[in-house]
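Colleague: I'd like a close look at the aromatic rings in this one, and at what surrounds them. Could you take me through it in one go?

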Amino acid sequence: MCSSDSMFLTVITQYSNKFARLFGKSSGATGKLKVIFHDFPGGAEGFELMLKFCYNNGTADINPSNLFLARCAAEYMEMKEPMADVSNLLEQTEKSLQEISYWTWSDILIGLKQCQSLLVPDSSVMVERCLDTIVGRLVLASEASPCPSTSSTDSSWVRYSCDSKSTESVKTSFSRLTWWFEDLLFLSPLLVAMLVKSMLLRKMDHLVISKFLLYYQKAKFSTATTHEKCKIIEMVIDMHYDMDLSCVPCKTLFGILRVTLGLNISKCSRNKLETMIGSQLDQATLDNLLVPSPHGISYLYDVNLILRFLKAFLRRGNSLVTPIRMRKVASLIDLYIAEIAPDPCLKTSKFLALATAIPDSARDSYDELYHAMDMYLEVHTQLSQEERLKICCGLNFEKLSPQACLHLSQNKKFPSKSTVQALISQQSKLKNLLHVIPSTSSYNDSPCSSSGAAAQKGKKDKTSEQVVLYSGNFDLSTDNEKLKAHLQGMQWRVMELEKFCRKMQIQMAKITKSKASGHSYAKSLPKLCS
């Protein structure tokens, strides 16, 4: 071994345990020594920094631009043994790292960039400390409500920009909270995830965090490959999933969904996104739901996706799904069904699944759903009678308006059985509308009851009941003429309803006889509306 090699080993081995272990027994060896480190942190730059420390008798200029590099080199070379006169490299880097809270914003970014480029396991702890420092600055800045500038290399630990105006626009106020977005775009998706988790622990505004994630995703997508795009959007979804969803607008989630349509993201991330959207389905609009079907599906819109949204919404239970929210979703789904009904490729099973997915209690009226069914049957003329009956199972005839029932009774696209069911339910509703009470003398003294017998005069009713019509001699002043006219209109309407009810009873009796004799009764149904 030559003298230069011997001096090198003498210098290095007193600071590095790794070198001492490798060459402790080779001091008397002859020939040249050759050592190759394939995974040395920072490559030649890191090795040079380590050598300078050794040849300068344990001193080195450690600053934010090389601290993390020196730290990783010290860890790799096991430079942690105590020295007689000076601290070892690991101790010196640890001391410098403890002063990170006094670094400028720019110094923190420089150190974080270097730490990210090292890509060694030993850098993870340093990355966390650096990210925690950044989050601490942002939290303090948001609490103090400063107006930081954009990129700067000043020596202040938080960047401020004074605003002399007493009032500021909303845009300017929000920019005070988002000034750091551009500075952190260099972070990898992995470090962004670590940063956001630290932000959530420090109770930062979730809306601001969401804005940053979307800003990051949009900025990165311009130069990212397809694989990189998947990783970025998966990170964005996973981070939103950990947030308070009340702070994340439904519009934001649907925007993320649109981005994922052309990407093959993981099933786990896609399920998270669908769960988040489903939990806020009552805030969605019809345009949000009109998502094109994936490749290979014949129908126009992705019905399966909407069914999964509904499943996620209903899965939350009655404690979170209030009747008001449920009715909003029911109204939205009815609009969606009406939108997809004309699709000639839409299967009956999918149409019926949507129609029956909403609980009956969520709909006050089934008119919208009936019109959607009417449109679907008009387009899908090839459906069998059995398939048409299945579709009609999604209707609650009791919640159809009189106009819808009358329209259904004349609608040849619907099965005859459904027509009869609609008429029977309408007859039941008319009976309930009529105020039927027993004829007793207890109402003889009432000024509004004397017309009951007159209205029923000439009828041979099988029951002992009579309809009380509000008419007669009204003792009303001139100021109440409008009320009198209104009550008289009510009397006329009740009489008309009573006539219609009797007409339906007669017609239904005829239908029953025709059915018993084996004749078709479908043709007689339209007569009810004459």
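How many aromatic pairs does the count come to?

Modeller: Keep in mind that this is a predicted model. By the rule used here, the count comes to 12 aromatic pairs. Take F40 and F47 to start with: their ring centres are 5.4 Å apart and their planes meet at 80°, so the pair is edge-to-face. The two partners sit in unlike surroundings, as F40 is buried at 9% relative accessible area, while F47 is partly exposed at 25%. W180 and F181 make another edge-to-face pair, with 4.7 Å from centre to centre and 80° between the planes. Here W180 counts as buried, at 2% relative accessibility, and F181 is buried too, with a relative accessible area of 6%. That pair belongs to a bigger picture: ring pairs link W180, F181, F212, Y215 and Y216 into a cluster.

W180 also takes us into the nonpolar interior. The largest nonpolar core has 128 residues, and W180 is among those with the most contacts inside it, along with M50 and L289. Helix α7, residues 123-144, gives the most to this core, with 9 residues. As a general point, nonpolar side chains in soluble globular proteins tend to be buried together. L289 shows what such a spot looks like from the inside: beyond its neighbours within four places in sequence, L289 is in contact with F254, L281, A284, I306, F309, L332, I333 and Y336. For the protein overall, buried residues make up 43% of the 530 residues.

Some rings have a charge for company. The charged end of K113 sits over the ring of F186, 5.2 Å from the ring's centre. In a second case, R363 lies over the face of Y366, at 5.2 Å from the ring centre. Y366 is worth a pause. You'll find Y366 in the loop between α17 and α18 (367-379), yet Y366 counts as buried, at 3% relative accessibility. What does Y366 touch, leaving out residues up to four places away in sequence? The list is D360, G394, L395, N396, K399 and L400. L395 sits 29 residues from Y366 along the chain, but their C-alpha atoms are separated by 6.7 Å. On the scale of the protein, residues 24 or more positions apart account for 70% of the contacts with a separation of 6 or more.

The helix before that loop, α17 (residues 348-357), includes T348. T348 counts as buried at 14% relative accessibility, and setting aside neighbours within four places in sequence, T348 is in contact with Y376, L383, E387 and I391. So there is an aromatic residue on that list as well, in the form of Y376.

Now to helix α9, residues 189-201, one of the 23 helices in the protein, which also has 2 strands. At 1.5 Å a residue, the 13 residues of α9 should span 18 Å, and the end C-alpha atoms are 18 Å apart, which agrees. Within α9, the buried residues are L191, V192, A193, L195, V196, S198, M199 and L200. An α-helix has 3.6 residues a turn, so residues three or four places apart point the same way. After α9 comes K203, with a positive phi near 60°, although K203 is not a glycine. K203 lies in the loop between α9 and α10 (206-221), and K203 counts as exposed at 71% relative accessibility. E78 is another residue other than glycine with a positive phi, near 55°, and its place is in the loop between α4 (67-76) and α5 (89-97).

One last item, as you may be thinking about reducing agents: cysteines. The structure holds 0 disulfides. For C115, the closest cysteine sulfur is the one in C72, 6.0 Å away, which is too far for a bond. C115 is buried, with a relative accessible area of 1%, and C250 counts as buried at 4% relative accessibility.

Technical notes
Residues are numbered from 1 along each chain as its sequence is written. Side-chain values use heavy atoms; hydrogens and water are left out. Helices (H or I, at least four residues) and strands (E, at least two) are DSSP runs, numbered from the N terminus. The expected span of a helix is 1.5 Å times one less than its number of residues. Buried means under 20% relative accessible area, exposed over 50%, partly exposed in between (1.4 Å probe, protein chains only). A nonpolar core is a set of buried Ala, Val, Leu, Ile, Met, Phe, Trp, Tyr and Cys residues joined through side-chain atoms within 4.5 Å. Contact means heavy atoms within 4.5 Å. Rings of Phe, Tyr and Trp (its six-membered ring) pair if their centres lie within 6.5 Å; planes under 30 degrees apart count as stacked, over 60 as edge-to-face and the rest as tilted. A charge sits over a ring if NZ of Lys or CZ of Arg is within 6 Å of the ring centre and within 35 degrees of the ring normal. A disulfide is a pair of cysteine sulfur atoms within 2.5 Å.
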